[in-house]
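Please open the structure in your viewer and keep the selection tool at hand. The tour starts with the whole chain and then moves to individual side chains.

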Amino acid sequence: MKYVDLTLAYTDLIAGFGRSQVKTLEKDGWNASQLQFYSHAGTHMDAPIHFGVNDFTIDQFEPDDFLQNGLG
């Protein structure tokens, strides 16, 4: 089966995402960033409960629920 990854990398071009450098190798001896995410930033999936369709949350789905075998 062939899988196609539809996710996008988080960059400053993604609306609702921000990254700032908070530690640097030169000053702190290690690198670290602070990340800010809006809940709908980037590639994501809304669970049915988000829109009031039903009470299913995203953790109630199995990964296979989102795969298509190409036959249908």
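Colour the protein chain by secondary structure and follow it from the N terminus, where the elements run β-α-β; this is a predicted model, and its secondary structure comes to one helix and two strands. The radius of gyration is 18 Å, well over the 11 Å that the globule rule gives for 72 residues, so the protein chain is more spread out than a compact globule. If you align the view with the principal axes, the C-alpha atoms fill a box of roughly 55 × 35 × 20 Å.

Now switch on the surface of the protein chain, which comes to about 6,400 Å² of accessible area, with 56% of it belonging to carbon and sulfur atoms. Buried residues make up 10% of the 72 residues, and of the contacts with a separation of 6 or more, 25% are accounted for by residues 24 or more positions apart.

Before going to the strands, select Leu6, which lies in the segment before E1 and counts as exposed, since its relative accessibility is 68%. Adding Lys23 to the selection shows two residues that are 17 apart in sequence, with their C-alpha atoms 31 Å apart in space.

Next, select the aromatic rings, among which the structure holds five aromatic pairs. One of these is formed by Phe17 and Phe37, a tilted pair with 5.2 Å centre to centre and 55 degrees between the planes. This pair links distant parts of the chain, as Phe17 is in strand E1 and Phe37 is in strand E2 (residues 32–37), 20 residues apart. Are the two partners buried or partly exposed? Phe17 is buried, at a relative accessible area of 11%, whereas Phe37, at 44%, is partly exposed.

Another pair to display is that of Phe61 and Phe66, whose ring centres are 5.5 Å apart and whose planes stand at 45 degrees, so the pair is tilted. Both residues can be coloured as partly exposed, Phe61 with a relative accessibility of 26% and Phe66 with a relative accessible area of 40%.

Return to Phe17 and Phe37 and add Tyr10, because the three residues form one aromatic cluster. Tyr10 is found in the segment before strand E1 (17–23), and its relative accessibility of 38% makes it partly exposed.

Keep Tyr10 and Phe37 selected, but replace Phe17 with Leu35: Tyr10, Leu35 and Phe37 form a nonpolar patch on the surface, and together they have about 300 Å² of accessible area. Patch members must have over 30% relative accessible area, a condition to keep in mind when reading the value of 11% for Phe17.

The last stop is Leu35 itself, a residue of strand E2 that counts as partly exposed at 45% relative accessibility. Which residues does Leu35 contact, leaving aside its neighbours within four places in sequence? Showing its surroundings brings up Phe17, Gly18 and Arg19. To finish, draw a distance between the C-alpha atoms of Leu35 and Ser20, which are separated by 6.7 Å although the residues are 15 apart along the chain.

Terms used:
Residues are numbered from 1 along each chain as its sequence is written. This is a predicted model: local features need pLDDT of at least 70, side-chain atom pairs count only at pLDDT 80 or more; totals for chains, interfaces and linings use all residues. Side-chain values use heavy atoms; hydrogens and water are left out. Patches are made of residues with over 30% relative accessible area and no salt bridge: like charges are joined within 9 Å, nonpolar side chains (Val, Leu, Ile, Met, Phe, Trp, Tyr) within 5 Å. Accessible areas come from the Shrake-Rupley method with a 1.4 Å probe; for residues, only the protein chains shown count as cover. A salt bridge is a side-chain nitrogen of Lys or Arg within 4 Å of a carboxyl oxygen of Asp or Glu. Helices (H or I, at least four residues) and strands (E, at least two) are DSSP runs, numbered from the N terminus. Buried means under 20% relative accessible area, exposed over 50%, partly exposed in between (1.4 Å probe, protein chains only). Rings of Phe, Tyr and Trp (its six-membered ring) pair if their centres lie within 6.5 Å; planes under 30 degrees apart count as stacked, over 60 as edge-to-face and the rest as tilted. The radius of gyration is taken over C-alpha atoms; the globule rule is 2.2 Å times the number of residues to the power 0.38. Contact means heavy atoms within 4.5 Å.
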